[in-house]
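Visitor: Please take me through one part of this structure in detail. I would like to start from a single helix and then see how the rest fits around it.

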Amino acid sequence: MTSLAFDSVSVRYGDRAALAEFSDTVKPGEWLCLIGPNGAGKSSLLRAVAGVVKHAGEVRVDGTSLRFRSAKRRAQLIAYVPQTPVLPDDMSVREYVVLGRNPFIPHFGQETKHDWDIVDDVLKRLDLGDFAQRHLGTLSGGERQRVVIARAIAQEAPILLLDEPTSALDIGHQQQALELVDRLRREHGLTVVSAMHDLTLAGLYSDRLCLLHQGYRVATGTAAEVLRPETLAEFYGVSARVHHEPDGTVVVIPFRANDAGGRR
Amino acid sequence: MDTVQAPSPAKGIIPARWWLPVAVATACAALLLGVMVGPAGPTWWRVPLALLDRLPLVTIDSGVTPREWIIIWEIRMPRVVLAALVGSTLALSGASYQGVFRNPLVDPYLLGVAAGAGLGATVVFTLNRAGTSSWIIDPLPLSAFLGGLVAVVLTYFVGTAFGGRRSSATLVLAGVAVTALATAVQTFVLQRNTDVIRQVYSWILGRLSTASWDDVRLVIPYVLLSTVTLLIHRRLLDVMRVGEDEATALGTSVDRVRIIVVIAATLGTSAVVAVSGLIGFVGIIVPHAVRLLAGASYRTIIPLSIFAGAAFLVLADIPGRILQNPSETPIGVVTAFFGAPFFLLLLRTRQANR
């Protein structure tokens with residue numbers, strides 16, 4: 001299993017600082033969930049780790065800085081599922097998932113039988129076997145999300161980054177997708193960093209939450225530690241009750257401000 | 001929403017693995033047909049016999065006279081081979097530009113590459129073409145390449161500066177502007193060198209009719225280099241289909257792939273433009289026809305376009321040779337006749353898909 005350490009990671013878009021001096025260490029096999037309002041810097045952090053945007057500071061995988069890694073080597077270590085993946089309508093599921101093998105194929109090479117075997121195995125394990133020849137344009141939202149996760153799994157990287165993996169899904173498919181990630185994480189010993197908006201689900205699935213606000217890390221810890229009404233009010237500007245279930249689940253329930261305490 | 005009706009799996013008209021043999025066979029048949037027909041020369045069925053006769057260890061009495069053999073070998077053969085090389089290169093370049101710019105509407109002509117290459121070639125024509133005949137490396141394709149490369153770089157930067165990377169129409173519009181500019185400069189150069197106007201204009205309209213083995217020899221190194229490079233990149237063109245960010249996250253050096261593919265496609269296009277003149281629409285018709293028939297993966301499109309492009313241009317060259325005998329319809333007119341309606345159809349289906 002693989003650790004991921006951030007040392008003063010900053011991301012700027014032109015004049016605007018999207019992420020400032022972020023430091024943290026994700027333990028091997030841990031699931032860290034980034035939360036925070038829109039524009040807090042969650043996506044920027046994930047994009048920096050994936051190598052999509054330039055960043056200052058260091059990102060270390062098992063102690064070695066990514067700065068000295070080629071794009072290919074980085075992709076062998078880190079699989080990235082973006083917030084809105086590009087899914088070409090006329091590409092088949094199998095053709096799409098094999099793109100995850102790209103980091104292992106030389107620039108001038110083609111996929112080997114080994115690569116296709118891995119793809120078919122991943123498709124089977126994610127119950128996508130029957131979909132192999134389907135075109136991406138014909139899939140439903142839940143199926144699309146599973147296909148994107150399948151591509152990331154085919155990448156066989158020890159670190160998985162998920163940017164809003166459930167934002168386009170209904171409650172049932174949200175649960176399915178997160179259960180799938182959790183199952184894969186345990187099977188493969190993955191280290192997971194995700195950005196999520198649904199605070200209850202974030203607390204339910206991750207080991208640790210990290211709250212970002214305007215590019216700064218403002219709180220980190222377990223769901224019970226981070227998801228407090230006063231914290232949520234301060235950083236999200238939301239009026240919410242936090243309910244603790246007997247099994248430890250932390251449930252965030254928004255309420256109408258002008259109705260405070262009136263409804264029970 | 002999992003209840004969305006599942007359409008039948010992406011099954012083609014024929015099994016996927018048959019497409020390449022079919023394309024190769026079509027190209028070979030087109031080549032043979034191209035050699036068999038023509039206004040002068042032997043009866044058509046004697047031609048294959050005469051060709052077989054030339055093979056080692058085969059002796060067939062084909063009844064072809066030596067004079068007729070010269071027509072077959074020195075006039076028809078180089079023309080057909082050149083048409084095949086030009087067609088395959090234009091189709092392959094078109095498919096590659098479409099992949100690397102993630103834009104199904106571009107081809108060597110719409111990007112301004114052909115016009116730029118034409119300008120580069122015109123400059124060589126005006127600067128004492130006879131004087132360059134003794135050079136070891138003919139400057140014509142190289143000058144065309146330079147012109148084509150400047151044009152495509154200009155189109156790309158103008159197109160992305162004003163439209164952003166996602167706008168496919170802006171790139172085409174920028175290509176149209178660059179084409180207009182290159183054509184204007186070309187006209188200006190020609191007006192100042194009226195002695196070569198006839199030569200250049202017959203070349204602009206597609207000059208396969210005067211093809212010789214020299215032309216074939218001239219383009220073959222460039223065509224081979226370009227074809228091999230683009231074939232090697234067919235898998236990476238599929239990776240580019242998911243966009244710049246994701247291709248990067250998958251470990252691809254997007255800029256490097258883009259530069260190599262654009263240079264290779266431009267080199268091939270420029271070389272064939274330098275010998276054949278401006279033959280439009282091949283680079284858009286052929287890859288799209290292949291895409292419709294055999295699927296949208298560049299792993300399939302790239303190799304199939306090579307053979308389909310060769311077959312298409314060899315066949316398109318045939319009516320031009322026999323319709324208006326003894327004068328000829330330029331091949332650029334024939335391809336435009338089929339290509340323009342096809343392009344409009346393509347625009348229409350894309351609009352409908354929005």
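Guide: What follows starts at helix α6 of chain A and then moves outward to its surroundings and to chain B.

This is a predicted model. Helix α6(A) runs over residues 171-188. Is its length what an α-helix should give, or not what it should give? At 1.5 Å a residue, its 18 residues should span 26 Å, and the end C-alpha atoms are 26 Å apart, so the two agree.

Now the sides of the helix. Four residues of α6(A) are buried: A:Ala177, A:Leu178, A:Val181 and A:Leu184. They cover an arc of only 125 degrees around the axis, so they lie on the same side of α6(A). The general rule behind such a pattern is simple. An α-helix has 3.6 residues a turn, so residues three or four places apart point the same way. The face of α6(A) turned away from the buried side carries exposed residues. These are A:Ile171, A:Gly172, A:Glu179, A:Arg183, A:Arg186 and A:Glu187.

What do the buried residues of α6(A) pack against? Their partners in chain A are two helices and two strands: α5 (141-154), α7 (199-205), β7 (159-163) and β8 (191-195).

Next, the two ends. Just after α6(A), A:Gly189 takes a positive phi of about 65 degrees. On the other side, the loop between β7 and α6 of chain A holds A:Glu164. A:Glu164 also has a positive phi, about 50 degrees, although it is not a glycine. A:Glu164 has 18 other C-beta atoms within 10 Å, so it is partly exposed. Chain A has another such residue in A:Gln214, which is not glycine and has a positive phi near 50 degrees. A:Gln214 sits in the loop between β9 (208-213) and β10 (216-221) of chain A. With 15 C-beta neighbours inside 10 Å, A:Gln214 counts as partly exposed.

From the helix, go to the core. The largest nonpolar core has 173 residues. Those with the most contacts inside it are A:Ile78, A:Val97 and A:Leu161. Take A:Ile78. Leaving out residues up to four places away in sequence, A:Ile78 touches A:Val49, A:Ala50, A:Ala157, A:Ile159 and A:Leu161. A general tendency applies here. In soluble globular proteins, nonpolar side chains tend to be buried together.

A:Val59 gives another view of chain A. It belongs to strand β4 (residues 56-61). With 23 C-beta neighbours inside 10 Å, A:Val59 counts as buried. Its contacts beyond four places in sequence are A:Phe6, A:Val9, A:Ala48, A:Val49 and A:Leu66. A:Val49 is thus touched by A:Val59 and by A:Ile78. A:Phe6 lies 53 residues from A:Val59 along the chain, yet their C-alpha atoms are separated by 4.8 Å.

The core also leads to chain B. Its largest share, 14 residues, comes from helix α3 (residues 66-100) of chain B. This helix has 35 residues and reaches 49 Å from first C-alpha to last, close to the 51 Å expected at 1.5 Å a residue. There is a kink of about 35 degrees at B:Arg76, shortly before the proline B:Pro78. Just after α3(B), B:Arg102 takes a positive phi of about 50 degrees.

B:Val282 is worth a stop too. It is in helix α12 (residues 282-294) of chain B. It has 32 C-beta neighbours inside 10 Å and so counts as buried. Not counting residues up to four places away in sequence, B:Val282 touches B:Gly87, B:Leu90, B:Ala91, B:Gly94, B:Gly309, B:Phe312, B:Leu313 and B:Thr335. Between B:Val282 and B:Phe338, 56 residues apart along the chain, the C-alpha separation is 9.5 Å.

Step back to chain B as a whole. Its secondary structure comes to 14 helices and zero strands. Of its 354 residues, 46% count as buried. Residues 24 or more positions apart account for 78% of its contacts with a separation of 6 or more.

Last, the interface. Here 24 residues of chain B are in contact with 29 residues of chain A. Helices α9 (234-240) and α10 (244-249) of chain B each supply at least two residues of the side that touches chain A. α10(B) gives the most, with four residues. By class, that side of chain B has twelve nonpolar, six polar and six charged residues.

Note on methods
Residues numbered from 1 in each chain as written. Chains lettered and ligands numbered in written order. Predicted model: local features only at pLDDT ≥ 70, side-chain atom pairs only at ≥ 80, totals over all residues. Contact = placed C-beta atoms within 7 Å. Nonpolar A, V, L, I, M, F, W, Y, C, P; charged D, E, K, R; others polar. Core = buried A, V, L, I, M, F, W, Y, C linked by C-beta atoms within 7 Å. Buried ≥ 20, exposed ≤ 12 C-beta atoms within 10 Å, placed from the backbone. Expected span 1.5 Å × (residues − 1). Bend = angle between axes of the 7 residues up to and from the residue. Arc of directions from axis to C-beta.
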